[in-house]
Amino acid sequence: MRSRWLLALIATAVAIVAVGVYGLATAPGAVVASPSPRPGTSGETTGKPPLTLTFEPTSEPTPEPAPAAGPELTTARYFAAWQTGDLSSMNDLVADPPADFAERHRRFDAELRVSSLSLNPGELRRQGEETAEVPFQGVREVTGLGRWTFSSVLRLGLRAGAWKVLWAPETLHPSLKDGGSLRLRETQVRRPTTLTREGLPFPRDSRAGDYLTGLGGTAVLLSLEEASSGRVLLTSPPPPSTGTGTRTTISRSVQAAAARALDGLGQPAAIVAVDVETRQVRAVADTLGAKQAFNGLYPPGSTFKVVTAAALLRTGLTPESPVGCPATYTIPNARSFTDADGADHGTVTLTTAFALSCNTTFVQHAYERLRDDRLRAEAADRFGFREKPGLSSCRIRPSADLNELGSDAIGQNSAQASPLCMAEVAAAVASGVWKPAIMTAEPPADSPPPVPLDDGVAAGLRTMMSAVVTQGTAAQAGLPPDTAGKTGTAEVGGAKSHAWFIGYRGPLAFAVFVQNGGAGGAVAAPIAARFLKAL
């Protein structure tokens, strides 16, 4: 069996050689000689001499390797894959891509709310035999912001015989170079439905929310910016700030000044300002709550001496009339009244007594000149201290006896007023006409009619209120020039006194009230100074 297998193997080898020789003999350019006779054969030949076996090279050259495809093809494939979001194909075209290549692209689009991308490649520029670059323009659509245009460069290099993208973060956007980052910032901006008279939003923390609705409307302002520098690359248009809401009579600058004047104050308080001519409310900053700046009833203290002084001037007194300012005065057959400073100032002018806020002076002359309901009539008929339609509240009762008359004359007992009511009193002095405050373009149909003050009375009151600021109880408050006013310290049973200051300057009349704040000259008047200086 073994010999048979061996003979078969040899036969196979011979067949292979024969086929090979045949192949050579028939190959182009080959010359094949007859083989020499094998031993044991007849030895017959063709009679031609034997030939030497030779080979000639073929005329066809050996093929060379195909040249690598140019960078243009890689560029086209990369931009096509990028624009369609084929991150896998992009990754295959990048030389040494980072492990999170695809995730970086997904996170970039998600965090910046990119909804679409379009690319416009420029002309490819060769940098050498093995590098190239393509500048390109891009447009991303960002939800909430719109079109975001950018410019960048796609760089390529020849790696292992193939052109590859040399990717870097700045390929996505130039701001990502050297570890930079981008962020989408959301900012709450105001979009109120109620606006100031100028058509602007109310100032922040205006303290007017009890009086007006729609002050707190907001919108979201988006901005795309560099995280490190804060440079804004794209921002959404701000919501319209004018003309889209209901306008009020409030002045934005006056309201801001009033609100900021109450900053840091520990007690509930209010500032109300009205236009002297129109009586439109220009500001209401209120931390009292429940619209107490308009509706609250508080003893006005010595600010009510403006009303008492008007009644006295109407009886024939003048600002220069000599009057007594003793430390104590006792109404005949009634109670005694004292001055806050406890000093006897002797005989002074009525202006000086007003500036020093002499309780004794006004109690005495109310007893002598304003009995028979004259004080209450002055307050009700000429300064609005009565039940009436309108924004403000104030009242005074007929005096039951002399003790009540004395107390009413200095703003205690039944005399009660809201801060707005006392601002109306100050405005009446400034203009010579009492009119109710309004928050509309024109007074309502049921509004009380204006009440002119006598020219001599109004002029006298202006002189006296100016003296309060220049030489009286408000002289140290830091009020700006040309301010006129009156301080008030209203006693409250079992609690600290209320602090008041009312006055006017330029086109504004105002009232400052601090509940249980203490002395008007020391507390309310400096707040008024902050308010006026901020205008």
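Two strands are taken as paired if DSSP finds at least two bridges between them, and strands themselves are DSSP runs of at least two residues, numbered from the N terminus. With that in hand, the hairpins of this predicted model can be described strand by strand.

**The five-stranded sheet**

β22 and β23 form a hairpin with two residues between them, and in its turn G506 has a positive phi of about 60 degrees. The pairing of these two strands, β22 covering residues 495-505 and β23 covering residues 508-514, is antiparallel and runs over seven bridges. Two of the facing pairs can be named: Y504 stands opposite A509 in β23, and W500 has F513 of β23 as its bridge partner. On the other hand, β22 also forms a hairpin with β21, again described by two residues between the strands, where G494 in the turn has a positive phi of about 75 degrees. β21 and β22 are antiparallel and share eight bridges, with V492 standing opposite A495 in β22.

These strands belong to an open sheet of five strands, ordered β12-β11-β23-β22-β21 and paired in the antiparallel sense. β12 (281-286) and β21 (484-492) stand at the edges, and because each has a single partner strand, one side of each is left without a neighbour in the sheet. From one strand to the next the twist averages 10 degrees. Helix α15, residues 520-533, packs on this sheet and touches β11 (269-275), β21, β22 and β23, its direction making about 40 degrees with that of β22. β22 is mostly covered, with eight of its eleven residues buried.

**Q280 in the loop between β11 and β12**

Where does Q280 lie, and is Q280 buried or exposed? Q280 lies in the loop between β11 and β12, and Q280 counts as buried because its relative accessible area of 12% is under the 20% cut-off. A polar atom of the Q280 side chain lies 3.4 Å from the backbone oxygen of A441. Apart from neighbours within four places in sequence, Q280 is in contact with T249, A273, V274, D275, I438, T440 and A441.

**The largest pocket**

The largest pocket has a volume of about 600 Å³. Its lining is made up of 25 residues, of which S302, D339, A340, N359 and T489 are the closest to its centre. At least two lining residues are supplied by each of β15 (336-338), β21 and α15, and the largest share, four residues, comes from β21. The edge strand β21 therefore also contributes to the lining of this pocket.

**Strands β1 to β4**

Another set of antiparallel pairings involves β3, and these are collected below.

| Strand pair | Bridges | One bridge pair |
|---|---|---|
| β1 (residues 114-121) and β3 (residues 131-142) | seven bridges | L117 and R140 |
| β2 (residues 125-126) and β3 | two bridges | R125 and E133 |
| β3 and β4 (residues 146-159) | twelve bridges | G138 and F150 |

The connection from β2 to β3 is a hairpin through four residues. In the hairpin of β3 and β4 there are three residues between the strands, and G144 takes a positive phi near 90 degrees.

Technical notes:
Residues are numbered from 1 along each chain as its sequence is written. This is a predicted model: local features need pLDDT of at least 70, side-chain atom pairs count only at pLDDT 80 or more; totals for chains, interfaces and linings use all residues. Side-chain values use heavy atoms; hydrogens and water are left out. Axes are lines fitted to C-alpha atoms, for helices over the stretch in contact, and angles run from 0 to 180 degrees between N-to-C directions. Contact means heavy atoms within 4.5 Å. Buried means under 20% relative accessible area, exposed over 50%, partly exposed in between (1.4 Å probe, protein chains only). A polar contact is a pair of N or O atoms within 3.5 Å; within protein, one must be able to donate a hydrogen and the other to accept it, and residues adjacent in sequence count only if both atoms are side-chain atoms. On a 1 Å grid over the protein atoms alone, a cavity is a set of points where a 1.4 Å probe fits but cannot get out, and a pocket is an open set with protein on both sides within 12 Å along at least five of seven lines; lining residues have an atom within 4 Å of a point. Grid points are joined across faces, edges and corners, and a volume is the space filled by probe spheres set on the points.
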